[in-house]
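Trainee: I'd like to go through the terms used for this model and see how each one is earned. Can we start with empty space?

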Amino acid sequence: MKLPSVLLEDIDSISSVDCSADSVAVKFGNQADFEESLADWPSSNFILFTSHLGDCDTDNERGLYVVSSVAFDNATFTVTASSKKSTFDEQTDEMTIEYTKPADTAVSKREITQTWFGDFPGNLILNDDPLKKSLSVSVNEPKLGGNIAVSGHLHFSWLKLKATSFYVDVDLGLSASANVKVSAGLSYDNDVYTFSPASITVSAFSIPGILDVGPALAFTMGVEVAASGTVEISADLSATISNGKAHIDFLDSKNTVTSGWDPVYTHAVNVSAAVEAQVNPFVELTAEMAVSFLGGLLDLSSGVRARPTLINVFSLNAQFNIDNANNVTIPASTDENCVNGVWFSNAFDFIVTAFVTQFYEIEVYRLDVPIYKSGCWTWAPDVIAGTAKATA
């Protein structure tokens, strides 16, 4: 602060604070604290911070008043300060704000943490295009769960009129599972079908009049589909990330780093006919933080996006190359001489992206794991179902 300051909320014996356009009257509940204030407070040129309701500053929780002189009433234990209301940007040289994750044993009204779990039973129909009546894309009994915790740091200098340090730390957990089914009667090429079953706004962190942080979470489940001919495909994907961490620097993308993104996943694929096709189910979680400082002096948003994808490709020849939305290409095998001319390949793809909406977006983590390297696909009759089922 540019001037010495008195924080009234730290004095328990204050019984009332009454503010007007040109004064602040502070009444004490006992003589000892009244006399201590008489001795310790400056006689002029200092700041009173009020936090009491009444008529001081209900909206911003704390009022900031510059005192020009004080008068003491020994009979009523009241200090009356001749004053003028001011603001942080007028009376502060620099400001540092830290907000941290709450301790496990404590609950704070300003914590930023949330745990959720959602079941979405039934059959979600993703394809609603009337021009593609012969294509059915659905997700059966999707499940989503996870947790988020946010902490951060901001240092602002009015001498430089800018933030000199500004970052957030995000801890994320994610668990998701779904069974995707695709029935195609004609050829379709690299279309993406999505469903957003959940969007959660976490209780915002706020220092009224100074800093507001509004986290939000958005889920998307979907599948990329390309098929040639009539086919029934099903794919199961489950993915769990227990302790993903992202340090997002608003000012310098080089300082944005992540750790702990170690996904555990399961998968299964069935296809009913020898076709050229792909079916790539994915889950996407985006955690975004909107930050507003001093009513918009700084107004930025940042976030982290995690997307696990199961990539599956089936082909009748060596010419069918698939490039999914995350730019992972699985070419047809040129080393295999398949008796029936059919080959199959699949992989698990997991990408984490960090972004500051107004400035940059960068890939901070990538995991590409071949599950089944390009190879021949063996066909065997399924006597019970009366159809052909492929196995690798």
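Mentor: Sure, definition first: on a 1 Å grid over the protein atoms alone, a cavity is a set of points where a 1.4 Å probe fits but cannot get out, while a pocket is an open set with protein on both sides within 12 Å along at least five of seven lines; lining residues have an atom within 4 Å of a point. Grid points are joined across faces, edges and corners, and volume means the space filled by probe spheres set on the points. By that test, the whole structure has one cavity of 30 Å³ or more. Keep in mind that this is a predicted model, where local features need pLDDT of at least 70, side-chain atom pairs count only at pLDDT 80 or more, and totals for chains, interfaces and linings use all residues. Residues are numbered from 1 along each chain as its sequence is written, and side-chain values use heavy atoms, without hydrogens or water.

Trainee: Which residues line the largest cavity?

Mentor: They are V139, A178, V180, M221, G222, L237, P281, F282 and V283. Strand 11 (162–184), strand 15 (211–228) and strand 19 (276–293) each give two or more of them, with strand 19 giving the most, three residues. Strands here are DSSP runs of E, at least two residues, and helices are runs of H or I, at least four, both numbered from the N terminus. The volume is about 50 Å³.

Trainee: What makes one residue of that lining polar?

Mentor: Ala, Val, Leu, Ile, Met, Phe, Trp, Tyr, Cys and Pro count as nonpolar, Asp, Glu, Lys and Arg as charged, and the others, Gly among them, as polar. So the lining, G222 included, divides into eight nonpolar, one polar and no charged.

Trainee: How do the residues lining the second largest pocket divide?

Mentor: Into five nonpolar, six polar and four charged. Of its 15 lining residues, N60, S86, T87, F88 and G209 lie nearest the centre, and the pocket holds about 180 Å³ of space.

Trainee: Why is D33 called partly exposed?

Mentor: Buried means under 20% relative accessible area, exposed over 50%, partly exposed in between (1.4 Å probe, protein chains only). D33 has 25%, so it's partly exposed. You'll find D33 in helix 1 (residues 31–40).

Trainee: What is D33 in contact with, leaving aside its neighbours within four places in sequence?

Mentor: S13 and F28, where contact means heavy atoms within 4.5 Å.
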